[in-house]
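Welcome! Here is a short guided tour of one protein, written for someone meeting a structure like this early on. Take a look at the sequence and the model, then follow the topics below.

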Amino acid sequence: MENSEGVKIESTVVTEEPLISALDIALFVVIITVAYFWYFKRDKQSSSSEKKPYTIQPSSLSSIEQTSNSSFIKKLKSTGRSLVVFYGSQTGTAEEFAGRIAKEGARYKMKGMVADPEECDMADLVEMKEIQKSLAIFCIATYGEGDPTDNAMDFYEWLQNGDADLEGLNYAVFGLGNKTYEHYNEIAIYIDQRLEELGATRVHEIGLGDDDANIEDDFVSWKEKLWESVCSHYGIEETGEESNIRQYKLVDCSEVLPERIFSGEISRLKSYENQRFPFDVKNPYLSKIAVNRELYKSGDRSCMHIEFDIDGSKMRYDTGDHVAVYPKNSSELVDKIGELLNADLDAVFSLLNTDEESSKKHPFPCPCTYRTALTYYLDITSNPRTHIMKELIEYASDPKDQEKLKLMASSTPEGKKEFHEWILRDNRNIVHILEDLPSVKPDLDHLCELLPRLQCRYYSISSSPKVYPKSIHITAVLVNYTTPTNRVNKGVATNLLAQLIPTNDELPQPTIPIYIRRSQFRLPPKSQTPIIMIGPGTGLAPFRGFIQERDYARKEGREIGEMVLYFGCRKKDEDFIYENELQEYVANGTLTKLHLAFSRDQPEKKYVTHLLEQNADELWNIIGEKSGHLYVCGDARSMAKDVHSIIVKVVMEKGQMTNSQALNYVKKMEQQKRYSADVWS
C-alpha cells in the first residue's frame, strides 16, 4: 500500500518538477522499494524474535533435527536405533502405549523412538530394510464411526492410495478400540492387512484392545507375546534389565520471568490473553458462559443447560457437531497431592526430553508450576495403568507397599486380579493410591512425567447455528458417584461447569476454553426428507438442534418432512428435559410425533426400545417406503445395540426379507448416511 502511494507521490512530482528525468524517478523508486523491503523484513524478524514463546531447548540440537524433522529414517540411522513406534491417538492412550514399547526396546537390544505419523514422511517406510534388525510398530486407535485419528489420517490415506513396495519392512500392530462400537478396531485391522499386502512382514499377530473392558490388560498381554515373537524372529535374548529409565529430566526454572511461564494454556504462551482465530485442539477459544440453568425439575440429580458465548470469535458450527471443553482438576485434589508428597506446588519447573532427537521436547507446556501442571495438564482422577504401579515401587519404603505394587505391576493371574480389584473395581485414582499406600512418596516431577495428559471432554451441541449463530448450547448431566471405598468421585468437566454461573452484574463472567469438532451426524440435505430421532436422556441434545433447524426452515416457508422423536427418561415430573420446548414444536407442527417413555412412572420398566417395537409400521413407513433417515444418540453399550436389533427385525418383517437381506439393507442405510449414530460408552 505504501509503495503504490509512493508511486503516486512521485508522479505528482514529475508533473510539478519537469527538470527531473524519468530515469531519475525510476532510480529513486527502486531505491525506496529496496529500502522498504530491507527495513520491514528486518523489523519482522526482530518482532518475531521478541514474541517467540519461551521454551527450554536442549543445549545442542543435532543437525539432523535441524535439517529434516520429517525423516524418521535419518534419525534412526544417525542414532543407531532400529525400533520406531508410530501412534495414532485421539486421547493420548495410543501415544502412551507407544512410549512404553519404545522404552522396553532397550531390554531387547533394540533402541527405540516414538514417532507421530503426522510429522513423518511415511513413504520412508520403504527404507526400513536398510537398517539391520529393524522393526516398525503401530499403536493405532479407531475413532468415531470407523475413522482414523486426526494425526493418522494422512498415513491412512497414503496406504489406501499408494502402492509402495514394503518388502523388507518388519512390523506389528496394536489397535485401540471399543467393542460397543460397530467399527471395532477397524483402522488397526486395515493397516495390519494393508502392510502385508504391500509386502511387509508381520512379526507378531495384531493385538486388539477393548476400552470397554480392560484395554490395559489387553495391551500388556499382547506386549509380552510381542517380545517373545521379536526374540524368535531376530534371534535375540532379553537382557533382563529392569531399570526404570526417565524419559524427561527435571530443570529448575525458578529464575524464569513470570511472563514466560505457562499458566494453563494448551500450546501457545499467553494464548488466552491474545486470542487468535482459527480455534482448534491446540488453540481453544476462551468462551464466556452466557447461560447455566438446571433442567431437572426435582430429585437429587442435576442436568445443566449451558450456553457458550462465541460472539466475535469467528467460530462456526453445524447442527450435529460436537464442542470440546477443556476442564481443570479441582484444587482440593491438587492440594491433596502436594500435602501427601510434602511438595511446594508453586515451584516453577520444566521437564525436558532426554532424547534430543524427539520432536516432543516436553510432556506438557513448560515451564510451569507444579500446581499448574496438576490442575490443567495432568489426569489425576482416572485409574492409573500398571506401568505407573511399576514405577512407584522404588518410592515405597514399607515392604508391604512394595510387594503390593510389584504384584499389581506383574502380568501374573494373581497380579492382574489384584490390579482389577484394587484399582479398577474400587475405582482408585493416584490420590487414593498415595493415601492408601502412605509409604509411597514419589518425586513430584517423576509423577508428573508418569501421569497421562488431561483430555478435553466432548459434548453433542444441542442448538442450531441458524437459530443461535452467536452461542453453542450443551446438555450435561453432573457426574458424582460413591466408590466401593466410600469416596466420592466427581466428573472433572461437569463439576467445573456446575460452578461457572454467570452473574447479572458487571463482574467478569466465567470462562472456559472450547473448540468445535466436526461431525458426520447431519440432517438430510433436503428439508422434505422424513426423519426418526431416538435419543433418551441427554441423547436428546443433538436432536434439539435438528428440531430447531427444521422449525427455522418451516418459518421461512419451506416444506419440511416428518419428524418423529423417541425420548425417554426416568420420571416425567423429574427429568423430562426441554419438555415445554418439545410440546411447543408438536403444537406448531414441526415435530410430527413425540413418543415418550418414562421408565419409572409405572410398575414395569418402559423404555424407548419398547415403543420402537410397538410402532413397527410407522418405522418401516419412514425408513422403508419413504427412504427417510434414522438417527440414534446415547448409550452405545445397550440402547444403541438394542435399537439396531429392532431395526433389523422390523426390516425383516415389514420388508419381507431374510435376516441376511435385512442386515444388508441396514448396512446400506449406514453407507448412505441414512442410519447415523452418535453414541458413547
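Helices here are DSSP runs of H or I with at least four residues, numbered from the N terminus. Glu157, for example, sits in helix α6, which covers residues 153-161. Please keep in mind that this is a predicted model.

**The protein as a whole**

- The protein has 23 helices and 23 strands.
- Its chain counts 681 residues, and 50% of them are classed as buried.
- Take the contacts between residues at least 6 apart in sequence: 75% of these join residues at least 24 apart.
- The accessible surface adds up to about 33100 Å², and carbon and sulfur atoms account for 49% of that.

**Charge on the surface**

- Which residues form a negative surface patch? They are Glu118, Glu119, Asp150, Asp154 and Glu157.
- Glu157, our example from α6, has a relative accessible area of 35% and is therefore partly exposed, as the range for that label runs from 20% to 50%.
- A patch of positive charge is also found on the surface, where Arg570, Lys571, Arg600 and Lys605 gather.
- Arg600, a member of that positive patch, belongs to the loop between β21 (593-598) and α20 (608-614).
- With a relative accessible area of 44%, Arg600 is partly exposed.

**A buried arginine**

- Where is Arg674? Look in the loop between α23 (659-671) and β23 (675-680).
- Arg674 is buried, yet it makes no salt bridge.
- The nearest side chain of opposite charge belongs to Glu625, and it is 11 Å away from Arg674.
- Which residues does Arg674 touch, leaving aside neighbours within four places in sequence? Its contacts are Ile623, Ser627, Gly628, His629, Leu630, Tyr665 and Met669.

**Helix α13 and what covers it**

- An α-helix has 3.6 residues a turn, so residues three or four places apart point the same way.
- In helix α13 (residues 413-425), the buried residues are Gly415, Glu418, Phe419, Trp422 and Ile423.
- The cover over those buried residues includes α8 (215-234), α11 (386-392), α12 (399-409) and α14 (430-436).
- Just after α13 comes Asn427, whose phi is positive, at about 55 degrees.

**Backbone features to look for**

- Most residues other than glycine have a negative phi, and most peptide bonds are trans.
- Asn185 is not a glycine, but its phi is positive at about 55 degrees.
- You can find Asn185 in the loop between β5 (170-177) and α7 (186-197).
- Is Asn185 buried or exposed? Asn185 counts as buried because its relative accessibility is 0%, and the label applies under 20%.
- Lys314 is another residue other than glycine with a positive phi, near 70 degrees.
- Lys314 lies in the loop between β10 (303-309) and β11 (322-325).
- Lys314 is exposed because its relative accessible area is 55%, and the label applies over 50%.
- The peptide bond running from Phe277 to Pro278 is cis, with an omega near 5 degrees.
- Pro278 belongs to the loop between β8 (248-252) and β9 (285-294).
- Cys366 and Pro367 are also joined by a cis peptide bond, and its omega is about 0 degrees.
- Pro367 is in the loop between β12 (348-353) and β13 (368-369).

**Apart in sequence, and how far in space**

- Asn664 is part of helix α23, and a relative accessible area of 54% makes it exposed.
- How many residues apart in sequence are Asn664 and Val648? They are 16 residues apart, and the distance in space is 9.3 Å from C-alpha to C-alpha.
- Glu653 is found in helix α22 (residues 639-654).
- Glu653 is partly exposed, with a relative accessible area of 48%.
- Between Glu653 and Ala616 there is a separation of 37 residues in sequence, and 9.0 Å in space from C-alpha to C-alpha.

Note on methods:
Residues are numbered from 1 along each chain as its sequence is written. This is a predicted model: local features need pLDDT of at least 70, side-chain atom pairs count only at pLDDT 80 or more; totals for chains, interfaces and linings use all residues. Side-chain values use heavy atoms; hydrogens and water are left out. Helices (H or I, at least four residues) and strands (E, at least two) are DSSP runs, numbered from the N terminus. Buried means under 20% relative accessible area, exposed over 50%, partly exposed in between (1.4 Å probe, protein chains only). Lys and Arg count as positive and Asp and Glu as negative; His and the chain ends are not counted. A salt bridge is a side-chain nitrogen of Lys or Arg within 4 Å of a carboxyl oxygen of Asp or Glu. Contact means heavy atoms within 4.5 Å. Patches are made of residues with over 30% relative accessible area and no salt bridge: like charges are joined within 9 Å, nonpolar side chains (Val, Leu, Ile, Met, Phe, Trp, Tyr) within 5 Å. Accessible areas come from the Shrake-Rupley method with a 1.4 Å probe; for residues, only the protein chains shown count as cover. The place of a charge is taken as NZ of Lys, CZ of Arg, CG of Asp or CD of Glu.
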